[in-house]
Amino acid sequence: MDIIYGRNSVKAAIRSGRSIDKLIASKELDDPSVREILTLAAQHHIPIIRADRRKLDSMTMPFGFGGKPANHQGVLAVMPARDYDSIDDIFALAEKRGEPPFIILLDGITDEGNLGSIIRSAEVLGAHGVIMGKRRSASLSAVAAKSSSGAADLIPIVKVTNLVSAIEELKQKNVWTVAADPEGQSADSIDMKGSIAIVVGSEGEGISRLVLENCDFKARIPMKGQTGSLNAAVAAAVLMYEKVRQESAT
């Protein structure tokens, strides 16, 4: 992963507006300098994690010398593999292709491999972008970028502070939202043609209550086996394909 460490460096990165996935600060420290950085991070809606100093030592070990970690001064910032895009970038790509917006929203996808796989499926199946929340979300790390097989550089990837607000913005732009939910209608019975955003949650907890309540439709994937569920990345791909199948059938 790409990290910036040291108090002055982290402070400068936050103030510059660079994309930062999370700030990690040693829980053993509580001096004015650290509090200033934590306040600055909160003002920029950057998730903050308080961790044991040994965690920071481990993360900065590759940048140290003589078997010792780099001098992180108790704070470091984790950066994405590339800068995130905006929702407007997604609509710009759809307009450029002359297609109705097709968007994937991710709520609570914390596994970076799954994130990369979903991005890859989204690009292959013609989606115009992926939106995910800043909290309870995997980072667009080197692992995620590698898992996407290059797709992360081909479509917009957006991180938002609030997924419900993002859904409201999409609705204002006449985009219908379809949530993956085991209690919903069979996916093939929902009209997914046109401007659609597919919302996928984590395998364990699913889509959060507020996000689910703000979606227009709930879609389930019919199951025949005994396992009873699909990996989140696989479920996302199945729903994306159902949208493509419906478009192709018209």
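These are my notebook entries on a predicted model, taken one topic at a time.

**Entry 1: the sheet**

I began with the strands. Six of them form an open sheet, in the order β7-β6-β5-β9-β8-β10, and the pairing is parallel. I looked for the edges next: they are β7 and β10 (217-220), each of which pairs on one side only. From one strand to the next, the twist averages 30°.

I then looked at one pairing inside the sheet. Strand β8 is joined to β9 (residues 196-201) by 4 bridges, and the two run parallel. For A179, I found the bridge partner in β9 to be V199.

**Entry 2: helices on the sheet**

Which helices lie against these strands? I noted α4, which packs on the sheet and touches β5 (102-107), β6 (129-133) and β7. The direction of α4 makes about 165° with that of β6. I also noted α7, which lies across β5, β6, β7, β8 and β9 and runs at about 165° to β5.

**Entry 3: a closer look at α7**

I checked burial along α7 (residues 163-172) and found L163, V164, A166, I167 and L170 buried. Where do these buried residues sit around the axis of α7? Seen down that axis they fall within an arc of 160°, so they line one face of the helix. A reminder to myself: an α-helix has 3.6 residues a turn, so residues three or four places apart point the same way.

I looked at both ends of α7 as well. At the N-terminal end, N162 is the cap, with a side-chain oxygen 2.9 Å from the backbone nitrogen of V164. Just after the helix, N174 takes a positive phi of about 65°.

**Entry 4: A180**

Back to the sheet, for one residue of β8. A180 has its place in that strand, which covers residues 176-186. Is A180 buried, exposed or partly exposed? Its relative accessible area is 23%, so I wrote it down as partly exposed; the cut-off for buried is under 20%.

Setting aside neighbours within four places in sequence, I listed the contacts of A180 as V199, I207, A219 and L239. V199 had already come up in Entry 1, as the bridge partner of A179. I also looked up the pair A180 and G201: they are 21 residues apart in sequence, and their C-alpha atoms are 7.3 Å apart in space.

**Entry 5: H128**

H128 is in the loop between α5 (112-124) and β6. I put its relative accessible area at 1%, so this histidine counts as buried. Which side chain does H128 meet in a polar contact? The partner is E99, at 2.7 Å.

The contact list of H128, again without neighbours within four places in sequence, runs to I90, L93, A94, R97, E99, P100, P101, F102, I155 and P156. E99 is thus on this list as well as in the polar contact.

**Entry 6: salt bridges**

How many salt bridges does the structure hold? I counted 13. Side chains of opposite charge can pair when their charged atoms come close. I went through three of the pairs.

The pair E36 and K11 has its closest N and O atoms 3.3 Å apart. This bridge links distant parts of the chain, with E36 in helix α2 (residues 32-43) and K11 in helix α1 (residues 7-16), 25 residues apart. E36 is partly exposed at a relative accessible area of 36%, whereas K11 counts as buried at 14%.

D52 and R54 meet at 3.0 Å, N to O. Here D52 is partly exposed, with a relative accessible area of 22%, and R54 is exposed at 65%.

In the pair D153 and R82, the closest N and O atoms are 3.7 Å apart. Why did I note that this pair ties parts of the chain together? D153 lies in the loop between α6 (142-147) and β7 (157-160) and R82 in the loop between β4 (75-79) and α4 (87-97), so the parts joined are 71 residues apart in sequence. D153 counts as exposed at 62% relative accessibility, while R82 is buried at 19%.

My last note is on shared partners: salt bridges join K11, R15 and E36 into one network.

Definitions and conventions
Residues are numbered from 1 along each chain as its sequence is written. This is a predicted model: local features need pLDDT of at least 70, side-chain atom pairs count only at pLDDT 80 or more; totals for chains, interfaces and linings use all residues. Side-chain values use heavy atoms; hydrogens and water are left out. Buried means under 20% relative accessible area, exposed over 50%, partly exposed in between (1.4 Å probe, protein chains only). Contact means heavy atoms within 4.5 Å. A salt bridge is a side-chain nitrogen of Lys or Arg within 4 Å of a carboxyl oxygen of Asp or Glu. The arc is that of the directions from the helix axis to the C-beta atoms. A polar contact is a pair of N or O atoms within 3.5 Å; within protein, one must be able to donate a hydrogen and the other to accept it, and residues adjacent in sequence count only if both atoms are side-chain atoms. Two strands pair if DSSP finds at least two bridges between them. Axes are lines fitted to C-alpha atoms, for helices over the stretch in contact, and angles run from 0 to 180 degrees between N-to-C directions.
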